[in-house]
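Here is a friendly walk through one protein chain, with an eye on its annotated sites and its empty spaces. Have the viewer open and follow along.

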Amino acid sequence: MIDLKGKVAVVFGLANKRSIAWAIAQKLAEAGATLAICYQSERLQREAEELAADLPGAKTFRCDVSSDAEIDAVFEQFKTVYGKLDILIHSIGFAPNMKINNVLRTPREDFRIAHDISVYSLIALARAAEPLMAEGSSILTLTYYGAEKVFPNYNIMGVAKAGLESAVRYLASDLGAKKIRVNAISAGPIKTLAARGISDFTTILTAVEQRAPLHRNVDALEVGNTALFLSSDLASGITGEITFVDCGFNITGL
């Protein structure tokens with residue numbers, strides 16, 4: 001068993017019980033970590049609070065990651081409440097009008113928003129977390145194979161995820177001197193709230209079942225297990241990596 005007792009983990013991007021962030025939060029809590037759950041807005045507050053109530057000692061905090069002021073404020077709260085952070089989970093991605101615009105037709109403002117929310121937020125959170133993190137701390141984000149290959153209707157989010165994966169490598173280099181690790185999990189398709197923004201999502205799910213070596217889709221809790229490992233000392237030598245949890249789909253050709 002991985003023991004995270006005494007560790008403080010903050011999770012950004014929990015929307016509901018189907019969120020990958022929720023599966024990760026559950027696994028970290030089971031291992032003994034103290035959880036701070038961040039929600040974006042009042043609309044998501046009730047859901048976050050109800051879910052956090054199932055995690056021993058978990059607290060909820062509001063933070064819109066598009067606002068530097070809100071990021072600064074919530075990390076001041078973390079400093080006051082916990083005094084430190086050991087694990088940061090970034091499970092955030094958004095692109096407006098994904099169902100309408102392919103990459104060619106993406107307006108400049110939609111491009112900016114997609115990269116601000118999906119990519120820059122990781123950089124901003126890592127920068128805010130760094131003063132509270134000691135050697136051996138972990139930062140983890142969630143990506144998707146659409147960063148490397150073209151998937152139907154993934155559109156500008158694929159471009160943003162490519163930027164996110166590059167940011168992981170550069171942040172790993174920047175934070176390596178302090179022995180803070182930065183990694184990403186590339187999860188297979190899962191029926192989350194974000195997945196609703198992808199037209200004909202069931203086509204992707206079906207393709208994975210047919211072609212992945214395990215002939216099934218991944219479960220969110222399997223992603224949670226990998227996040228637990230990457231957040232623990234068992235992964236002390238791993239940083240800057242993109243770890244696939246997709247039942248092997250990424251290794252297949254035709």
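In which loop does Asn155 lie? Asn155 sits in the loop between S5 and H5. Please keep in mind that this is a predicted model. The phi angle of Asn155 is near 50°, a positive value in a residue other than glycine. Because its relative accessible area is 18%, and buried means under 20%, Asn155 counts as buried.

**The annotated tyrosines**

UniProt, in an unreviewed entry, puts the feature "active site" at Tyr144 and Tyr154. Of these residues, Tyr144 is included in the lining of the largest cavity. Tyr144 belongs to the loop between strand S5 (133-143) and helix H5 (156-175), and Tyr154 also lies in the loop between S5 and H5. Leaving aside neighbours within four places in sequence, Tyr144 is in contact with Phe151, Tyr154, Lys161, Glu165, Ser186, Ala187, Gly188, Pro189 and Ile204. The two annotated residues therefore touch each other, with contact taken as heavy atoms within 4.5 Å.

**A binding-site alanine**

The same kind of record helps with another position: UniProt (unreviewed entry) places the feature "binding site" at Ala95. Look for Ala95 in the loop between strand S4 (85-90) and helix H4 (108-129). Beyond its neighbours within four places in sequence, Ala95 is in contact with Ala114, Ile156 and Met157.

The table gathers the accessibility of several residues discussed here.

| Residue | Relative accessible area | Class |
|---|---|---|
| Ala95 | 7% | buried |
| Tyr144 | 10% | buried |
| Tyr154 | 8% | buried |
| Gly163 | 23% | partly exposed |
| His215 | 52% | exposed |

**Empty space**

Rolling a probe the size of a water molecule over the atoms shows where empty space is left. Here the count comes to one cavity of 30 Å³ or more, and the largest cavity has a volume of about 50 Å³. Its lining is made of Tyr144, Tyr145, Ser186, Ala187, Gly188, Pro189, Val208, Phe244, Asp246 and Phe249. By class, that lining has seven nonpolar, two polar and one charged residues.

The second largest pocket holds about 180 Å³ of space. Residues lining this pocket include Tyr145, Lys149, Val150, Phe151 and Pro152, along with Thr203, Ile204, Ala207 and Arg211. Phe249 and Thr252 are also among them. The lining of the second largest pocket divides into seven nonpolar, two polar and two charged residues.

**Helices and a turn in the chain**

Which residues of helix H6 (residues 201-211) are buried? They are Phe201, Ile204, Leu205 and Val208. Seen down the axis of H6, these buried residues fall within an arc of 100°, so they line one face of the helix. Val208 also appears in the lining of the largest cavity, while Ile204 helps to line the second largest pocket.

Next, His215 lies in the loop between H6 and helix H7 (220-231). Its phi is positive, at about 50°, although His215 is not a glycine.

Finally, find Gly163 in helix H5. The C-alpha atoms of Gly163 and Val119 are separated by 6.4 Å, although these residues are 44 residues apart along the chain.

How values were computed:
Residues numbered from 1 in each chain as written. Predicted model: local features only at pLDDT ≥ 70, side-chain atom pairs only at ≥ 80, totals over all residues. Heavy atoms only, no water. Buried < 20%, exposed > 50% of the residue type's maximum accessible area, 1.4 Å probe, protein only. Helix = DSSP H or I, 4+ residues; strand = E, 2+ residues; numbered from the N terminus. Arc of directions from axis to C-beta. UniProt positions renumbered as here; feature names shortened; annotations may be inferred. 1 Å grid on protein atoms, 1.4 Å probe; cavity = no way out; pocket = protein on both sides within 12 Å on 5 of 7 lines; lining within 4 Å. Points joined across faces, edges and corners; volume = space filled by probe spheres on them. Nonpolar A, V, L, I, M, F, W, Y, C, P; charged D, E, K, R; others polar.
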